[in-house]
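Let's take a look at how the helices in this one fit together. We'll start with a single residue and work outward from there.

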Amino acid sequence: MFVRHLAAGVTGLLVAAALGLLAALFGDPDEARLRALVFGACTLGPGYGLGWLLFVSGASGPDPVVHPEESVEQTWWQRSASGSFLDLLVVAGVGATALSVTDLRVDATSALAALIVVGFADVAVRLTVLRRRDA
């Protein structure tokens, strides 16, 4: 098992180094070292995750669950996400109506970012309520 974790770590280092060097090649030559270091540090975790998926995940832990979609957490997630989608449709419709009636101009990136934040908050609140209600 140690060898598998070592292979995952080496994979993470190689992926991070490759992406850091790639970022340094396409950037400003004066900041190549800093760019390589920052990109390498930022991609080290995902690179190790890739190595873990390739070398460790299939060889560790108990047998996989036969029907993972039938868990309580999956049911909570499904209910909160579907309810949040309907709420987002209502918020987008009310917002579009309000903007067309008031003739107010809003940047599209701001409006979409606001919708994403509202969606995240809605799912989080619904998921928390479902967890506490069923606990």
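## Starting at Thr 43

This is a predicted model, so keep that in mind as you read along. Setting aside neighbours within four places in sequence, Thr 43 touches Ala 16 and Leu 19. Thr 43 itself sits in helix 2.

Is Thr 43 buried or exposed? Its relative accessibility is 16%, and because the cut-off for buried is under 20%, Thr 43 counts as buried.

## Helix 2, with a bend

Thr 43 has company: Gly 40, Gly 47 and Gly 51 of helix 2 are buried too. What do the buried residues of helix 2 pack against? Their partner is helix 1.

Helix 2 isn't straight throughout. There's a bend of about 40 degrees at Leu 44, with a proline, Pro 46, following within four residues. As for length, helix 2 has 24 residues, which at 1.5 Å a residue should span 34 Å; the end C-alpha atoms are 32 Å apart, so the two figures agree.

## Helix 1, the partner

Helix 1 covers residues 2-26, 25 residues in total. From first C-alpha to last, helix 1 reaches 36 Å, close to the 36 Å expected at 1.5 Å a residue.

Which residues of helix 1 are buried? They are Ala 8, Thr 11, Gly 12, Ala 16, Gly 20, Ala 23 and Ala 24. Ala 16 is one you've met already, as a contact of Thr 43. The buried residues of helix 1 pack against helix 2, residues 32-55.

## How helices 1 and 2 cross

The axes of helix 1 and helix 2 come within 6 Å, crossing at roughly 145 degrees. The crossing is right-handed. Sorted by class, the residues of this contact come out as 16 nonpolar, nine polar and two charged.

## A second pair: helices 3 and 4

Further along the chain, helix 3 (residues 72-102) and helix 4 (residues 108-134) have axes that come within 8 Å and cross at roughly 140 degrees. Here, too, the crossing is right-handed.

On the helix 3 side, the contact includes Trp 76, Trp 77, Arg 79 and Asp 87. Helix 4 contributes residues including Asp 122, Arg 126, Arg 131 and Asp 134, along with leucines such as Leu 115 and Leu 127. By class, the contact of helix 3 with helix 4 has eleven nonpolar, four polar and six charged residues.

Technical notes: Residues numbered from 1 in each chain as written. Predicted model: local features only at pLDDT ≥ 70, side-chain atom pairs only at ≥ 80, totals over all residues. Heavy atoms only, no water. Helix = DSSP H or I, 4+ residues; strand = E, 2+ residues; numbered from the N terminus. Expected span 1.5 Å × (residues − 1). Buried < 20%, exposed > 50% of the residue type's maximum accessible area, 1.4 Å probe, protein only. Contact = heavy atoms within 4.5 Å. Axes fitted to C-alpha atoms, helices over the stretch in contact; angles between N-to-C directions. Left-handed = near helix turned anticlockwise from the far one by under 90°. Nonpolar A, V, L, I, M, F, W, Y, C, P; charged D, E, K, R; others polar. Bend = angle between axes of the 7 residues up to and from the residue.
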